[in-house]
Amino acid sequence: MLITFEGPDGSGKTTQIQKLKQKLESLGYRVLVTREPGGTPMAEQIRELLLEKREEQVFGETEMFLYAGARSQHARVVIQPALEQGYVVLSDRYIDSSLIYQGVGRGLGIELVRLVNEAAIGGLWPQRTYLLDIGDNEARTRMRGRAGEPDRLELENAAFHQSIREGYLALQRREPERMRLIDASRAPELVEEEIWEDMVDLMAERKAPL
Ligand code: TYD
């Protein structure tokens, strides 16, 4: 089963993924945690290309193809084989990040980005996606505690981040079955609990009892 986590930087994706991993493992599931862009050596190199600050203008289309290229490797080299071996795969970002950051944030349109990315993932859609929704100010406050310089996308302005948030929310309304809206401004324990309750239901539906 492939479960993905989406939302802005600072929404707590990494923490929630670790919590879910621990819970699943304590019940005997084998869990693989991975992230995008990245997840394979080649995809990690593409990640570096994408996140580096540079003088040269980077066009939305260029970003779209690079993210999709990294994803194609990630889906085929890492995710598909892990699923075949019975792992639950938890990915920090996946196809929806491109639909929203490139489709909405860069204005390429979700339909074009979806077409390109469907080719990249070859049918490997997540069974569940948790959208960790949080306001820009709050996400930034949380990120201030982090080490390191902001990357190229983190340096985008408030209007960009607002369009990302709205894009995600609109996508969630279109795909409420797969994508679950989680209010990530609450205490991490509450977020964790809500995700877990949903996971229990999902496993029951799929006859993979917890
Ligand atoms: P991110 O998960 O934020 O890495 P880090 O936690 O190290 O900051 O991902 C890096 C950035 O890439 C993030 O700002 C969102 C962006 N992104 C896209 O624009 N499109 C994509 O398809 C993906 C996967 C990420």
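Start with the lining of the largest cavity in this predicted model: by class, that lining has 5 nonpolar, 2 polar and 3 charged residues. To show the residues, select Pro8, Leu131, Asp133, Ile134, Gly135, Asp136, His161, Ile164, Arg165 and Tyr168. Two elements, β4 (128-133) and α7 (158-174), each give two or more residues to this lining. Colour α7 on its own next; the largest share of the lining, 4 residues, comes from this helix. The space that these side chains and backbone atoms border is about 80 Å³.

**The second cavity**

How many cavities of 30 Å³ or more does a search of the whole structure find? There are 2. For the second largest, select Gln16, Lys19, Leu20, Lys23, Glu192, Ile195 and Trp196, which line it. The elements giving two or more residues to this lining are α1 (13-26) and α8 (188-205). With 4 residues, α1 gives the most to the lining of the second largest cavity. Sorted by class, the lining has 3 nonpolar, 1 polar and 3 charged residues. The volume of this second largest cavity is about 40 Å³.

**Strand β3**

Now leave the cavities and select residues 88-92, which form strand β3. Are the residues of β3 buried or exposed? Here 5 of the 5 are buried, so the strand is largely enclosed by the rest of the structure. Buried is used for a residue with under 20% relative accessible area. To check the two faces of β3 separately, show Val88, Leu90 and Asp92 for one side, then Val89 and Ser91 for the other; the residues on both sides are buried.

**The partners of β3**

Add residues 2-6, strand β1, to the view. β1 and β3 pair in the parallel sense, over 4 bridges. Then add residues 31-35, strand β2. β2 also pairs with β3 in the parallel sense, in this case over 5 bridges.

Which residues stand opposite aspartate 92 of β3? Label phenylalanine 5, which stands opposite aspartate 92. Then label arginine 35, which stands opposite aspartate 92 as well. Asp92 is itself one of the buried residues of β3, on the side that holds Val88 and Leu90.

**Last view**

Keep β1, β2 and β3 on screen and bring back the linings of the two cavities. The display then holds β3 with its parallel pairing to β1 and to β2, the lining to which α7 gives 4 residues, and the lining to which α1 gives 4 residues.

Conventions:
Residues numbered from 1 in each chain as written. Predicted model: local features only at pLDDT ≥ 70, side-chain atom pairs only at ≥ 80, totals over all residues. Heavy atoms only, no water. Buried < 20%, exposed > 50% of the residue type's maximum accessible area, 1.4 Å probe, protein only. Pairing = 2+ DSSP bridges. 1 Å grid on protein atoms, 1.4 Å probe; cavity = no way out; pocket = protein on both sides within 12 Å on 5 of 7 lines; lining within 4 Å. Points joined across faces, edges and corners; volume = space filled by probe spheres on them. Nonpolar A, V, L, I, M, F, W, Y, C, P; charged D, E, K, R; others polar.
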